[in-house]
Amino acid sequence: MIKVALLHFGFEDYTIELANSLVKYVDLTLIHPEKVSDVCRNVLDSSIRVISFKKPRIRDPRNLLSMSTMMHLIKDIQPDVLHVQETNDPWYDWTLLLNKMPPLVTTIHDVFRHPGDSMAVFGSEYTRRIAFYRSQQLIVHTHQLKKILIEQFSLPQERVNVLPHGELGSLYQRRGNHNDQSRDPNTLLFFGRIWPYKGLKYLLEAMPLIAERVPEVKLIIAGRGENIKQYFPNGYDDKRYEIINDFIPLEEVNNLFQRSTVTVLPYIEASQSGVAALSYGMGTLVVASEVGGLSEIIQHRKDGLLVPPCDVRSLADAIICLLSDRDLQQRMRTAAITRCQQDLNWSNIAAQTVEVYQKTIKSRR
């Protein structure tokens with residue numbers, strides 16, 4: 001059985017579900033900083049060995065000691081493969097450059113920083129590229145990201161593997177507080193970090209158009225990022241909008257998706273989307289911009305609707321169409337659930353990940 005060390009500093013939801021399925025195929029040890037261990041507690045398979053280490057804030061020079069501790073942990077495990085979820089941490093990147101590593105697989109969730117994302121670490125846009133070249137194999141979630149890595153970073157195509165982002169609904173259902181919420185037939189949800197690339201302003205411009213045809217429409221905006229007041233300089237109608245401009249506790253996420261009929265992703269840029277993966281697993285329908293990786297994740301008119309980015313009228317029309325057609329809703333919901341059992345199923349993704357590990361080991365022989 002292949003011995004794998006799975007290292008992550010973030011992307012906790014993805015890592016939890018991948019680890020829970022991988023442990024059925026490999027001898028698995030999960031390594032992560034102490035600060036993310038709370039998120040993973042109670043939802044990891046009990047057969048996964050978990051090791052935590054202290055990791056200071058990025059600007060703290062004690063990161064040198066932290067990275068030394070991390071390397072000792074990896075060496076003690078002596079894995080056949082080290083699998084790392086992409087980091088935005090220059091301390092890790094320099095450690096990767098300066099140390100001899102086990103056969104290395106890296107999952108790249110985003111090749112470039114999202115426009116307007118002020119949370120990215122200074123310099124990480126450049127240092128994280130070290131992982132592109134030091135890894136024997138890379139995993140991305142869309143063919144569009146593979147194309148970028150091959151064309152813009154001159155990586156050989158046989159080193160870049162496309163594996164889908166698995167569904168996240170079942171994880172949040174396990175975390176949920178199990179207050180059965182009835183789905184409101186006219187409620188829309190905008191969920192996650194609020195940054196310019198998420199295109200919230202286009203959804204807000206579409207809302208009056210939607211309300212003309214669906215007077216009972218309501219929009220929940222849930223997440224933090226930019227100051228939400230800039231979108232509502234004259235205030236807002238609390239019958240039309242419910243705004244939770246804060247971090248959403250994990251156990252509350254389930255209720256938000258269960259209450260909503262449609263999740264709207266009016267993005268102007270996207271590589272992949274955990275929000276779409278979460279919506280599919282929750283049975284919440286998706287209307288999204290046909291941009292970046294979203295056009296691969298969402299199958300238009302089968303399990304979701306795609307519209308041109310920044311096109312307010314098309315966005316409004318798609319939402320009106322979906323809210324007004326219960327038969328279409330049911331067909332799309334059924335198709336999304338089917339996909340959660342097929343290409344978005346974590347067991348299938350874990351099996352494909354093991355094939356990448358086998359390729360990695362062969363390439364180092």
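Which residues of α15 are buried? In this predicted model, the list consists of Trp346, Ile349, Ala350, Thr353, Val354, Val356, Tyr357, Thr360 and Ile361. Around the helix axis they cover an arc of only 160°, which puts them on the same side of α15. The face turned away from this buried side carries the exposed residues Glu355 and Lys362.

It helps to look at what lies over those buried residues. The cover includes the strands β1, β4, β5, β6 and β7, together with helix α1 (12–22). Helix α15 itself spans residues 346–364 and lies across β1, β4, β5 (104–107), β6 (137–140) and β7, with a direction at about 160° to that of β6. Its length can be checked with a little arithmetic: at 1.5 Å a residue, the 19 residues of α15 should span 27 Å, and the end C-alpha atoms are indeed 27 Å apart, so the two values agree. The N-terminal end of α15 is capped by asparagine 345, which has a side-chain oxygen 3.0 Å from the backbone nitrogen of serine 347.

The strands beneath α15 belong to an open sheet of seven, and their order is worth tracing in the structure above: β3-β2-β1-β4-β5-β6-β7, with parallel pairing. At the edges are β3 (49–53) and β7 (160–162), each of which pairs on one side only. From one strand to the next, the twist averages 20°. Within this sheet, β1 (residues 3–7) and β4 (residues 81–85) are joined in the parallel sense over four bridges, and alanine 5 stands opposite leucine 82 of β4. Another helix, α3 (residues 63–77), also packs on the sheet, where it touches β1, β2 (27–33), β3 and β4. The direction of α3 makes about 160° with that of β3.

A second open sheet is built from six strands, again with parallel pairing, in the order β10-β9-β8-β11-β12-β13. Its edges are formed by β10 (241–244) and β13 (305–307); each has a single partner strand, so one side of each is left without a neighbour in the sheet. Here the twist averages 20° from one strand to the next. As an example of the pairing, β9 (residues 218–222) meets β10 in the parallel sense over four bridges, and leucine 219 has tyrosine 241 in β10 as its bridge partner.

Helices pack on this sheet too. Helix α9 (residues 200–213) touches β8 (187–191), β9, β10 and β11 (262–265), and its direction makes about 165° with that of β9. Helix α11 lies across β8, β11 and β12, running at about 170° to β11.

The loop that follows α11 offers a closer view of a single residue. Threonine 284 is found between α11 (274–282) and β12 (285–289). Is threonine 284 buried or exposed? Its relative accessibility is 2%, and because residues under 20% are classed as buried, threonine 284 counts as buried. Its side chain is joined to that of arginine 183 by a polar contact of 3.1 Å. With neighbours within four places in sequence left aside, the residues in contact with threonine 284 are Arg183, Phe257, Ser260, Thr261, Val262, Thr263 and Ser279. Arginine 183 thus appears both in this contact list and as the partner in the polar contact.

Conventions:
Residues numbered from 1 in each chain as written. Predicted model: local features only at pLDDT ≥ 70, side-chain atom pairs only at ≥ 80, totals over all residues. Heavy atoms only, no water. Pairing = 2+ DSSP bridges. Helix = DSSP H or I, 4+ residues; strand = E, 2+ residues; numbered from the N terminus. Axes fitted to C-alpha atoms, helices over the stretch in contact; angles between N-to-C directions. Contact = heavy atoms within 4.5 Å. Expected span 1.5 Å × (residues − 1). Buried < 20%, exposed > 50% of the residue type's maximum accessible area, 1.4 Å probe, protein only. Arc of directions from axis to C-beta. Polar contact = N/O pair within 3.5 Å; in protein donor to acceptor, adjacent residues only side chain to side chain.
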